[in-house]
Each structure stands twice: as C-alpha cells, then as structure tokens.
Amino acid sequence: FPEETSLDTMLKTTKHPCYSECAHEYARMHIPVAPKCNISCNYCNRKYDCLNESRPGVTSEVLTPEGAYNKYLVVKEKLPNLKVIGVAGPGDALANFEETKKAIELIREDDPEMTICISTNGLMLPEYAEELIQLGVRHVTITINTINPKIGASIYKWVYYKGKVLVGEEGAKILLDNQLKGLSYLSSKGVLCKVNIVMIKGLNDEYIPEVVDKVKECGAFMTNIMPLIPAEGSEFEDMPLVSNKELDELRDRCSLDLKQMYHCKQCRADAIGQLSQDISIEFRDSISEDQE
Ligand code: CLF
Ligand code: SF4
C-alpha cells in the first residue's frame, strides 16, 4: 500500500472483490448513472457500455441518482455481503460528474462505511480529483492504454475538452497528460488507483510494460490488463483477438513490476453481485418508473 493510504482504506480494500482476489465472497453493485462520454475510443460502440470496463454485447439501463439510490436500498436489503458501490458508466463517471456526485452523496449519507469506487478515462481527473476525495472515494480506476500520444492518436478518435473537440495527437496528449496528472495526485493522497489497460494486438501490446512502469512511478496500486474485445460497429471491429495465453504471459511479465489483476470479469455498467456471478437481471425494474 502507498504510504499515505489510511488503515481504514486498507481494511476496505481487503473486502473489495476487484482489488483483492481473496475478497470474492463480497458483492459489488454498479450504479449506471453516467451515460455521456467526453472522448471517443476506437474500440467503443456507443450502443454498449464503456468498454474500458465492460465487454460488448450488453447495454445497461441508465438511472438518475435518486433512481440509483432507491435501487441500492433494494439491493442492500437482499445482499448482506454488499461492500462496494461502483460508478462505471455506461459512459464516463466524470463526464457526468453532477450525477455521479449526487448518487455518491445519497449512498454515503445512508451508509458512510460503504466503499465507493469509480472508473474513468481520466480526462477530467485534474478537475475533480480533490472533490472525489472529499466525497470519500478511495478507489479509482483509470484506463490508460498508452503513454505515447502517437499511439494514443490511433486509439482515440477525439477528445472533448473545455468546449473544444481535439483530434489526433493533440487530443491524445491532453488525455494522457490528464490521466497521469490525476493518477499522481490521487495516489499522493492515499487513494488506491487501479489502471486498466486494454491490450490491442499490433497497436499498444508491445509497449504495455512501459505503461506499467510509468503508472507505477506515478503511484498506481495495480494494473488490470484486459483483452480488446472488438465491438461490432466500432472502428476496431476487425482487430485481432488476444489469446488468454498471450494475455497471461504479458500479465506475468508485468507482475514482476507491479501487482496485476488476473480475475477481471469485464462487467457491465449495472452489474450486481459477486464478480463470479452477475445477478443484475434479478434487480432489473426493481424500482417503479417514477423513482428512476
Ligand atoms: Fe466496479 Fe471496476 Fe470498481 Fe470493480 S469492476 S468500478 S474496480 S467495483 Fe472489477 Fe468488473 Fe473488472 Fe472492473 S471485475 S470490469 S475490474
Ligand atoms: Fe466508450 Fe468508455 Fe471510451 Fe467513452 S471511455 S468512448 S464510453 S470506451
């Protein structure tokens, strides 16, 4: 753990099923309050959830903060092992900051002990990192696929930042700078940052060890190298698949430098339950429409 991490955060981490493999008996609930996104990844198909966390092929419902809170009350009642509430899309948690913030406030008011986790592409982290800390967030996932703007220009079609659409290396550079800035800041304040890296064969795969080195230097707690799942209708639809063997070999190599995640399930933005068994379907329509 980084020096600045509090004892309370360390204890919570031992019950966070993504951060600690042995915490598999605990449940997490994603609240889908963040539909918009502020960048365009070439592997994304907007019909699906944010592919920085999820697999394609499924689309989540979107809830208002109040709707998400009401659903949380229902889920909490049924799942005594619920330990983590995460905002993981279906777009970007920070591109919908007001909604994300409101939902977190409501849940923390009900249960100040609940672990709150968010996942983001990192573009808006310099803006919101401090506020996230004030909100009690101590677990943040940032997707950092490259540290090289040239490669970034092939992964990101555009970046929408402070009222401007930026393309090519210019857009990628702002995104990558903000990701690392946000990561360094959060880590220096004791927040446990997990970095997701989408492994894209022939594009960033060879350079992933460099990314791991760099994010380690910036204070990352662990990395989660995930295979690209080419989403139908996305720019990367025809990209080659990564085999489990290739994926695990890369993870093993990087594990010499930094803790690696091997058990990611590439969950949907409204996943509920233990990582091994998403039971979100049981809670679909668990709140009446006027509460959404
Ligand atoms: Fe959700 Fe992500 Fe928090 Fe976990 S998921 S926001 S860190 S509570 Fe976990 Fe799912 Fe993999 Fe994400 S298994 S996709 S790593
Ligand atoms: Fe899609 Fe997520 Fe990338 Fe946004 S950050 S474009 S939602 S994959």
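This is a short talk on the sheets, the core and the two ligand sites of one predicted model.

Some ground rules. Residues count from 1 along each chain as its sequence is written, and chains are lettered from A and ligands numbered from 1 in the order in which they are written. As this is a predicted model, local features need pLDDT of at least 70 and side-chain atom pairs count only at pLDDT 80 or more, while totals for chains, interfaces and linings use all residues.

Start with the seven-stranded sheet. It is open, its strand order is 9-8-5-4-3-1-10, and the pairing is mixed. Strand 9 (222-227) and strand 10 (272-273) sit at the edges with a single partner strand each, so one side of each has no neighbour in the sheet. Two terms here. Strands (E, at least two residues) and helices (H or I, at least four residues) are DSSP runs, numbered from the N terminus. Two strands pair if DSSP finds at least two bridges between them.

Now the middle of that order. Strand 1 and strand 3 are parallel, with four bridges. Ala27 has Leu82 as its bridge partner in strand 3. Helices lie across this region. Helix 2 (residues 65-78) lies across strand 1, strand 3 and strand 10, at about 155° to strand 3. Helix 3 (residues 97-110) lies across strand 3 and strand 4, at about 165° to strand 4. For those angles, axes are lines fitted to C-alpha atoms, for helices over the stretch in contact, and angles run from 0 to 180 degrees between N-to-C directions. Contact means C-beta atoms, placed from the backbone, within 7 Å.

Which strands feed the site of ligand 1? Strand 1 (27-30), strand 3 (82-87) and strand 4 (115-120) each supply at least two residues of the shell. The shell holds 17 residues, and the closest are Cys18, Gly86, Cys117, Cys264 and Cys267. A residue is near a molecule or strand if its C-beta atom, placed from the backbone, lies within 6 Å of it. By class, this shell has seven nonpolar, six polar and four charged residues. Nonpolar means Ala, Val, Leu, Ile, Met, Phe, Trp, Tyr, Cys and Pro; charged means Asp, Glu, Lys and Arg; the others, Gly among them, are polar.

One of the closest residues to ligand 1, Cys264, also touches Asn224. Asn224 lies in strand 9. Is Asn224 buried or exposed? Asn224 is buried, because 22 other C-beta atoms lie within 10 Å. The cut-offs: 20 or more other C-beta atoms within 10 Å is buried, 12 or fewer is exposed, and in between is partly exposed, with C-beta atoms placed from the backbone. Beyond four places in sequence, Asn224 contacts Lys194, Asn196, Met261 and Cys264. Val212 is twelve residues away from Asn224 in sequence, and 9.7 Å away in space, C-alpha to C-alpha.

Next, the second sheet. This open sheet has three strands, in the order 2-6-7, all with antiparallel pairing. Strand 2 (39-41) and strand 7 are its edges, each paired on one side only. Twist averages 20° from one strand to the next. Strand 2 and strand 6 share three bridges. Ile39 stands opposite Val159, and Ser40 has Trp158 as its bridge partner. On the other side, strand 6 (residues 156-161) and strand 7 (residues 164-167) share four bridges. Trp158 stands opposite Val167, and Tyr160 opposite Val165. These two strands form a hairpin with two residues between them, and Lys162 in the turn has a positive phi of about 45°.

Ile39 and Ser40 also belong to the shell of ligand 2. Other members include Cys37, Cys41, Cys44, Cys50 and Asp92. This shell divides into six nonpolar, four polar and one charged.

Last, helix 6 and the core. Helix 6 lies across strand 2, strand 6 and strand 7, at about 60° to strand 6. The largest nonpolar core has 83 residues, and Ile31 and Cys193 have the most contacts inside it. Such a core is a set of buried Ala, Val, Leu, Ile, Met, Phe, Trp, Tyr and Cys residues joined through C-beta atoms within 7 Å. Helix 6 (residues 168-188) gives the most to this core, six residues. Beyond four places in sequence, Cys193 touches residues including Leu183, Leu186 and Phe221.

Terms used
Two residues are in contact if their C-beta atoms, placed from the backbone, lie within 7 Å.
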